[in-house]
Structures are given as structure tokens and as C-alpha cells.
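Could you walk me through this protein in my viewer, one selection at a time? I am new to the structure and would like to know what to click on next and what is there.

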Amino acid sequence: MSYLPDIKLDRQSLNLVNGLYFTTRYPGDESIVVEKEDIEEYVEAVRKCKKAVDEFIQSRE
């Protein structure tokens, strides 16, 4: 993330949601089905990433 060096993203959360759309949307060898039990984990990871981005934007205003 050299183009956004000041942003403080939680790497574990970012890795969890990275590519989630494609692996759940498109069928293929790498596709997955998200189970109901896992949804909250993904939602929390997205919230953490969004919070970091929001804080970065606010710090630039």
C-alpha cells in the first residue's frame, strides 16, 4: 500500500475480505459459499476496513 502510506488498515481484516466478492459471486475452482456462521466475521472485517478508510479521509480534510 505504498500509495496510501498513512492509512492504518488491519491486515488480517483486509486479507479476509480481499476478493470476497469474486470468490462468492462467480463459480469456479476458487469459489466459496459463505456459511451463516461466518457472516458476522466478514461483516466485522468490513467494518474495521471502512473505519480505517473513514479515519484516513477525515485526517486529510
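Start by selecting Y21, which sits in helix α2. The model you are looking at is predicted, and helix α2, residues 20-25, has the lowest mean pLDDT among the elements of the protein chain, at 81. Y21 itself is partly exposed, since its relative accessible area is 48%, and partly exposed covers the range between under 20% and over 50%. Now add F22 and Y26 to your selection: together with Y21 they make a nonpolar surface patch of about 360 Å².

Keep Y26 on screen and move on to S31. You will find S31 in the loop between α2 and α3. With a relative accessible area of 31%, S31 is partly exposed. Which residues does S31 contact, once its neighbours within four places in sequence are left aside? They are T23 and Y26, and Y26 is the residue you have just seen in the surface patch. If you like using the distance tool, try the C-alpha atoms of S31 and R47: these residues are 16 apart along the chain, and their C-alpha atoms are separated by 23 Å.

Next, colour helix α3, which covers residues 36-60. Among the elements of the chain, α3 has the highest mean pLDDT, 91. For the chain as a whole, the average pLDDT is 85, and 92% of the residues score at least 70.

With α3 coloured, go inside. Select I7, L9, V17, L20, Y42, A45, C49, A52 and F56, and you have the largest nonpolar core, made of 9 residues. Which element gives the most to this core? The answer is α3, with 5 residues.

Leave that core visible and click on S13, in helix α1, residues 11-17. Is S13 buried or exposed? S13 is buried, because its relative accessibility is 6% and the cut-off for buried is under 20%. Not counting residues up to four places away in sequence, S13 touches A45, K48 and C49. Two of those names should look familiar: A45 and C49 also belong to the nonpolar core.

A short stop at V46 comes next. V46 lies in helix α3 and is partly exposed, at 45% relative accessibility. Draw a line from its C-alpha to that of L16: V46 and L16 are 30 residues apart in sequence and 8.8 Å apart in space.

Now for the charged side chains. Side chains of opposite charge can pair when their charged atoms come close. How many salt bridges does the count come to here? The count is 3, and you can visit each in turn.

- Select E40 and R47. They form a salt bridge, with the closest N and O atoms 3.6 Å apart. E40 is partly exposed, with a relative accessible area of 48%.
- Select K50 and D54. Their side chains meet in a salt bridge at 2.6 Å, N to O. The two are separated by about one helical turn, because they are 4 residues apart in helix α3. K50 is exposed, at 51% relative accessible area, whereas D54 is partly exposed, at 30%.
- Select K51 and E55. Here the side chains meet in a salt bridge at 3.7 Å, N to O. K51 and E55 are 4 residues apart in helix α3, so about one helical turn separates them. K51 counts as exposed, with 52% relative accessibility, and E55 as partly exposed, with 44%.

To finish, show the stops together: the patch of Y21, F22 and Y26, the 9-residue nonpolar core and the 3 salt bridges.

Key
Residues numbered from 1 in each chain as written. Predicted model: local features only at pLDDT ≥ 70, side-chain atom pairs only at ≥ 80, totals over all residues. Heavy atoms only, no water. pLDDT = per-residue confidence, 0-100. Core = buried A, V, L, I, M, F, W, Y, C linked by side-chain atoms within 4.5 Å. Buried < 20%, exposed > 50% of the residue type's maximum accessible area, 1.4 Å probe, protein only. Patch = residues over 30% accessible without salt bridge, like charges linked within 9 Å, V, L, I, M, F, W, Y side chains within 5 Å. Areas by Shrake-Rupley, 256 points an atom, 1.4 Å probe, with all protein chains shown as cover. Salt bridge = Lys/Arg side-chain N within 4 Å of Asp/Glu carboxyl O. Contact = heavy atoms within 4.5 Å.
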